[in-house]
Amino acid sequence: MITRRMLLGHGAVAWICLPAMAWAKRAQPKRSTPAPSKAPLVMLDPGHGGKDPGAIGVSGTYEKHIALASATELRRQLSADRRYRVELTRTRDVFIPLAQRVKIAQARGAALFVSMHADALTDHSVRGASVYTLSLSASDAQSAALARRENAADRYGGAEFRGTSPEVARILASLERAETRSGSARMARSVVGAFDGTVPLLQNPARHADFAVLQAADIPSVLVEMGFMSNRADEAALRRPKHRAQVAAALREAIAAYFAGAPAAQLSG
Ligand SMILES: [Zn+2]
C-alpha cells in the first residue's frame, strides 16, 4: 500500500497536484469584484438533496434539483449586486440534515436564511408560491402538513439525526426569538410583495408552521415554496430556467427590500 507519508517523502504529491492545479486555474470562471467582507451574508438553503429527493412531481421532477437550480440562479443574481455575500448550504446533490443547515448558517454568521422548496400537496389542483415563517402553531392545516413532511426529511439521515432540539435549548432560544421573529415576518412580507404580479401566489401566501429548518433563534429565516410539484402547471413552470430566473429576480428584490429596512446592526451582521 502507498501511504501519504511515502508520497510526501518522494515528492510525488507535487507531481500529482500540479496538473490538477493547472486545470483548476483554467476552469476558474472570471469573477467580478466580490462584495465587501463586511457585507451581510445571505444563506440560501436549497431543500433536500442526495438520498432525499424531496417531493416528486407529477411528471417525475425531483424537488431537490429544482431547489438547487433555483438557489444557484438566485446566488448568481444576488452576487451581481455586490451588496451581500451569498452562500449555499449545499452546492451539490448531497443530503444535509435539517439541524445541520441551521448550524451552517449560524457558524457562517448569516444575517438572513432563505430555505428554497417546491413541495407537494395532496390536493393537486393547488398551485402558486407561498412563504413560511416559524411558529409552533400552524396557520392552517395545509401548512401543518407541509411542515410535518418537511421535518420528516431527516428520516433519510438515520437515527443519529432524529433527535429534536431539547426543551432547555428552546427556552433559551425564545429569549432571542422575539427580534428574530419580527425580522422573519418582515422578510416574508417582502417576499409576498415582490412575488405579487410576477410569480403566481397561493391564497393567503404568508403562512406559518413548525419547520425544523427555520429554528435558528438568532437569524431571521423564511422557507419559500416556489410552487408545488404536485401541480402540473407549477412543475412545468419550475422546470423552465426562465421561470426560475423570474422567481429568483423576485426573491432578489425581496432581499433588497428586507435589508433596506433592516437596522444597522443586522447590516453589519
Ligand atoms: Zn421541500
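This report describes the sheet, the helices packed on it, the nonpolar core and two backbone features of a predicted model.

**Sheet**

Six strands make up an open sheet of mixed pairing, and their order is β2-β1-β3-β6-β4-β5. Strands β2 and β5 form the edges, each of them pairing on one side only. From one strand to the next, the twist averages 20 degrees. At the β2 edge, strand β1 (residues 41-46) pairs with β2 in the parallel sense, over 4 bridges. L41 has R85 of β2 as its bridge partner.

**Helices on the sheet**

Two of the helices that pack on the sheet are compared below.

| Helix | Strands touched | Angle between directions |
|---|---|---|
| α3 | β1, β2 and β3 (112-117) | about 160 degrees with β1 |
| α5 | β4 and β5 | about 60 degrees with β5 |

Helix α5 spans residues 141-151, and its buried residues are S143, L146, A147 and E150. These residues lie on the same side of α5, because the arc they cover around the axis is only 95 degrees. The strands against which the buried residues of α5 pack are β4 (129-134) and β5.

**Nonpolar core**

In soluble globular proteins, nonpolar side chains tend to be buried together. In this model, the largest nonpolar core comprises 61 residues. The residues with the most contacts inside this core are V42, L112, V114, V191, V222, V224 and L251. Helix α8 (residues 241-260) gives the most to the core, contributing 8 residues. For V222, the contacts beyond four places in sequence are V114, V131, Y132, T133, S184, M187, A188 and V191. Two of these contacts, V114 and V191, are also listed among the core residues with the most contacts.

**Positive phi values**

Most residues other than glycine have a negative phi. R82 departs from this pattern with a positive phi near 60 degrees. R82 is located in the loop between α3 (63-81) and β2 (85-88). Because R82 has 13 C-beta neighbours inside 10 Å, it counts as partly exposed. N204 likewise has a positive phi, near 45 degrees, but N204 lies within strand β5 (residues 201-209). N204 is exposed, because 12 other C-beta atoms lie within 10 Å and the limit for an exposed residue is 12 or fewer. The strand that holds N204 is one of the two edge strands of the sheet.

How values were computed
Residues are numbered from 1 along each chain as its sequence is written. This is a predicted model: local features need pLDDT of at least 70, side-chain atom pairs count only at pLDDT 80 or more; totals for chains, interfaces and linings use all residues. A residue is buried if 20 or more other C-beta atoms lie within 10 Å of its own, exposed if 12 or fewer, and partly exposed in between; C-beta atoms are placed from the backbone. A nonpolar core is a set of buried Ala, Val, Leu, Ile, Met, Phe, Trp, Tyr and Cys residues joined through C-beta atoms within 7 Å. Two residues are in contact if their C-beta atoms, placed from the backbone, lie within 7 Å. The arc is that of the directions from the helix axis to the C-beta atoms. Two strands pair if DSSP finds at least two bridges between them. Axes are lines fitted to C-alpha atoms, for helices over the stretch in contact, and angles run from 0 to 180 degrees between N-to-C directions.
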